[in-house]
Each structure stands twice: as C-alpha cells, then as structure tokens.
Amino acid sequence: MATRASVVPEQIGIPSVVMVCKGFETAAEFTAQGRGTFNMPKAVFGRHVDTFTTSELEEHVRTSIVDQVVTALTVQPPDAKPRMVDPDLTDIVFSGTFEEVNEHFYTNEWSDGLPIVPPTVEKVQAFLRFTDRRPEEAIGSLLPDSREATIWSIAVNGVMAGCRPEHMPILIALVEVWPTLALACAIQEQHPARRCRSI
Amino acid sequence: MYEVVWPRGKRTVQGIALAKRPNTLAGKTIAELWNGGFRGDEIFRILERELEKRYPGVKFARWEDFGRMGGAAEDKVLAELPLLLKSRGVDVSVGGVGC
C-alpha cells in the first residue's frame with residue numbers, strides 16, 4: 001500500500017520516497033517496478049518498526065530515517081532500466097541439475113524457495129496439449145510486476161508447481177479471473193512470497 | 001541435466017523517469033502519505049520535528065489531509081491523489097510504512 005501510493009507523486013512529477021522496514025525492500029521494488037518506477041527511492045528502517053520502543057523509534061528516525069528521506073528527495077537518482085532483457089517464451093534460460101535449477105530460480109526470485117519441477121520445453125508442451133489456445137496468447141497483466149500472463153507462462157508455472165498436464169484448463173480459468181478478484185490483487189501486491197489459491 | 005524455460009511474461013508497463021529533485025527542502029511542502037499502519041502516525045510526527053529543525057520554512061501536508069492510502073477504497077483514493085497533491089501545493093512526498 002505504501003509503495004503504491006508513493007509511486008503516484010512520481011507519476012505526476014513530484015519527487016517521492018517510501019519508508020519500508022528491513023526485509024520488505026524487495027516487496028517495495030516489485031510493486032514500484034510493476035507501476036513503471038524502476039528505482040523508487042526508499043528509506044529503510046533497520047528492523048520492523050513494531051520491535052522498537054517509543055524512544056528507540058524516535059532515535060532511529062532522527063539518526064537514520066531523516067537522512068535517508070532527505071537524500072532520497074534532494075539527490076537525483078540515476079535513471080534505472082529493467083535489470084535484464086526479457087527472454088522469448090521458448091528460450092532456454094538455464095541448464096543444470098534439479099538442485100541447480102531450483103537454486104537459479106530462487107536466486108532470480110522466480111520461485112519462493114519451495115522445490116519446483118524444472119520447466120523443460122517437453123513438460124510445458126505436455127500441458128499445452130490440453131488447450132486449443134495459442135501459447136503466445138496473453139490473458140492479462142498480473143501484479144505486482146505487471147507482466148503478461150500467457151498460455152505458455154501459465155503452463156510453465158503449472159509445471160513448476162507440480163500440476164498435472166490435464167489441470168491446464170483449470171489453471172487458465174484461474175488466471176482469467178485472478179485480476180478481477182480484489183483480494184487477489186491485494187495479496188499479489190502486498191508481498192511476492194504471499195500466495196493465494198482458489199478453486 | 002534440465003534445460004529450462006523462463007517462467008515470467010513480458011512487462012506491460014514502461015519505465016518512467018523519476019521526478020527532478022530540488023536541492024533543498026527549505027520552504028518546500030512535504031506530503032505525508034500514510035497507509036494507516038506500522039506506527040506511521042508516530043513516525044511522521046518525528047519526521048516533521050526533525051525536518052523543521054533542519055529546513056526553515058518547510059511545511060507539511062499531513063496524512064490526515066489525504067485519508068488512508070489503502071483499504072477497500074484504495075483505487076479511488078489513489079485515483080484522486082494527483083489532484084489532492086496539486087491542490088495542496090505539494091513539492092515532495094514521503095510515503096509509509098511498508099512492512
């Protein structure tokens with residue numbers, strides 16, 4: 001919520017900074033990037049604010065947060081670009097063992113750290129056999145990162161999650177309704193690690 | 001060995017350049033955008049006191065003026081925010097608290 005609101009001033013030319021607790025910087029970055037702000041300035045509390053006593057909070061704001069806020073609002077950050085060029089849907093982005101694939105996906109924030117089934121082209125194609133829709137068809141744009149959900153990417157994620165290929169029609173249906181669910185939208189943006197399932 | 005494909009889709013938003021920063025906050029109006037949680041009421045008051053000490057003439061458009069940034073009416077609140085910021089003569093903005 002805080003980051004979504006803080007992006008609005010930037011969109012109309014007003015410098016802005018968002019205050020976040022340590023550990024939530026990545027969540028803020030995802031949210032800001034999904035709204036087109038790739039280098040949203042942040043002032044980061046050293047730990048969760050609820051763990052400070054009143055006097056500790058006062059001290060921390062005075063000695064750390066104020067300086068971060070001032071810097072964020074008076075020093076021009078460099079223009080940032082997306083960190084990587086998006087691959088094409090069918091590009092092989094990594095080769096490795098089961099453990100190496102899992103580590104690569106976790107490191108790139110493509111998984112939440114739970115084990116995934118490596119999404120090979122063969123496994124994805126098995127899912128695509130259960131739909132008549134074109135793999136490149138985009139169903140919509142999903143938060144927090146505002147990225148296309150394509151038939152292909154739904155199949156890839158279905159593979160990763162351990163679904164069976166015949167689950168594909170259900171997966172497509174879920175993604176079709178997902179952006180219309182207020183709850184889902186809130187959950188998607190609050191934290192990348194938070195998940196919601198609905199059948 | 002597994003050869004794997006990318007699990008994400010292409011971005012649907014273009015990047016925007018960040019707004020031009022002023023050299024100083026002296027004489028500026030600072031908006032406080034609070035999501036209603038995580039001790040923002042305390043934090044913004046401390047910020048106000050400290051920034052007033054450092055920057056003569058600094059003013060605040062307080063979080064009470066903007067309403068809660070979030071909740072069930074969030075879409076409406078955010079849609080109305082640009083006009084509110086302009087009507088309050090806001091120069092820079094501080095949002096919080098993200099947890």
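Mentor: Contact means heavy atoms within 4.5 Å. By that rule, 59 residues of chain B and 83 residues of chain A take part in the contact. Keep in mind that this is a predicted model.

Trainee: How much area do chain B and chain A bury between them?

Mentor: About 6300 Å², with 63% of it on carbon and sulfur atoms. Three residues, W6(B), R11(B) and R21(B), supply 13% of the area that chain B buries against chain A, more than any other three residues.

Trainee: What makes E58(A) and R49(B) a salt bridge?

Mentor: The cut-off is 4 Å from a side-chain nitrogen of Lys or Arg to a carboxyl oxygen of Asp or Glu. In this pair the closest N and O atoms are 2.8 Å apart. The distance is within the limit, so the pair qualifies. The rule finds five salt bridges across the interface of chain B and chain A.

Trainee: How many residue pairs are in polar contact between chain B and chain A?

Mentor: The count is 29, with both residues at pLDDT 80 or more. On the side of chain B that touches chain A, the elements giving two or more residues are β1 (2–5), α1, α3 (74–87) and β4 (92–98) of chain B. α1(B) gives the most, with nine residues.

Trainee: Turn to the sheet. In what order do the five strands run?

Mentor: β2(A)-β1(A)-β4(B)-β2(B)-β3(B), in an open sheet with parallel pairing.

Trainee: Why are β2 of chain A and β3 of chain B called edge strands?

Mentor: Each of them, β2 (42–45) of chain A and β3 (59–61) of chain B, pairs on one side only. From one strand to the next, the twist averages 25°.

Trainee: How do you know that β1 of chain A and β2(A) pair?

Mentor: Two strands need at least two bridges. Strand β1 (residues 16–21) of chain A and β2(A) have four, in the parallel sense. Four meets the minimum, so they count as paired. M19(A), for instance, has A43(A) in β2(A) as its bridge partner.

Trainee: What does helix α2 of chain A touch on the sheet?

Mentor: Helix α2 (residues 25–34) packs on the sheet against β1 and β2 of chain A. Its direction makes about 160° with that of β2(A).

Trainee: Why is α2(A) called largely enclosed?

Mentor: Because seven of its 10 residues are buried. They are A27(A), A28(A), F30(A), T31(A), A32(A), Q33(A) and G34(A). Just after the helix, G36(A) takes a positive phi of about 90°.

Trainee: Is E29(A) in that helix buried or partly exposed?

Mentor: Partly exposed, at a relative accessible area of 26%. Buried would need under 20% and exposed over 50%, so 26% lies in between. K42(A) has 23%, so K42(A) is partly exposed too.

Trainee: What makes E29(A) and K42(A) a salt bridge?

Mentor: Their side chains meet at 3.2 Å, N to O. That is within 4 Å, so the pair counts. E29(A) lies in helix α2 and K42(A) in strand β2 of chain A, 13 residues apart, so the pair is listed as linking distant parts of the chain.

Trainee: How many salt bridges does the structure hold over all chains?

Mentor: There are 20. One of them joins E166(A) and R164(A) at 2.7 Å, N to O. E166(A) has 36% relative accessibility and R164(A) has 49%. Neither value is over 50%, so both residues are partly exposed.

Trainee: In chain B, why are E48(B) and R45(B) said to be about one helical turn apart?

Mentor: Because they are three residues apart in helix α1 (residues 40–54) of chain B. Their side chains meet in a salt bridge at 2.9 Å, N to O. At 3% relative accessibility E48(B) is under 20%, so E48(B) is buried. R45(B), at 25%, is partly exposed. Salt bridges that share partners join E32(B), R45(B), E48(B), R62(B) and E64(B) into one network.

Trainee: Last one. Why is V61(A) called buried?

Mentor: Its relative accessible area is 0%, and the cut-off is under 20%, so V61(A) is buried. V61(A) sits in helix α3 (residues 54–74) of chain A. Beyond its neighbours within four places in sequence, V61(A) is in contact with F45(A), V66(A), I43(B), I46(B) and L47(B).

Note on methods
Residues numbered from 1 in each chain as written. Chains lettered and ligands numbered in written order. Predicted model: local features only at pLDDT ≥ 70, side-chain atom pairs only at ≥ 80, totals over all residues. Heavy atoms only, no water. Axes fitted to C-alpha atoms, helices over the stretch in contact; angles between N-to-C directions. Buried < 20%, exposed > 50% of the residue type's maximum accessible area, 1.4 Å probe, protein only. Buried area = accessible area lost by both parts, 1.4 Å probe. Polar contact = N/O pair within 3.5 Å; in protein donor to acceptor, adjacent residues only side chain to side chain.
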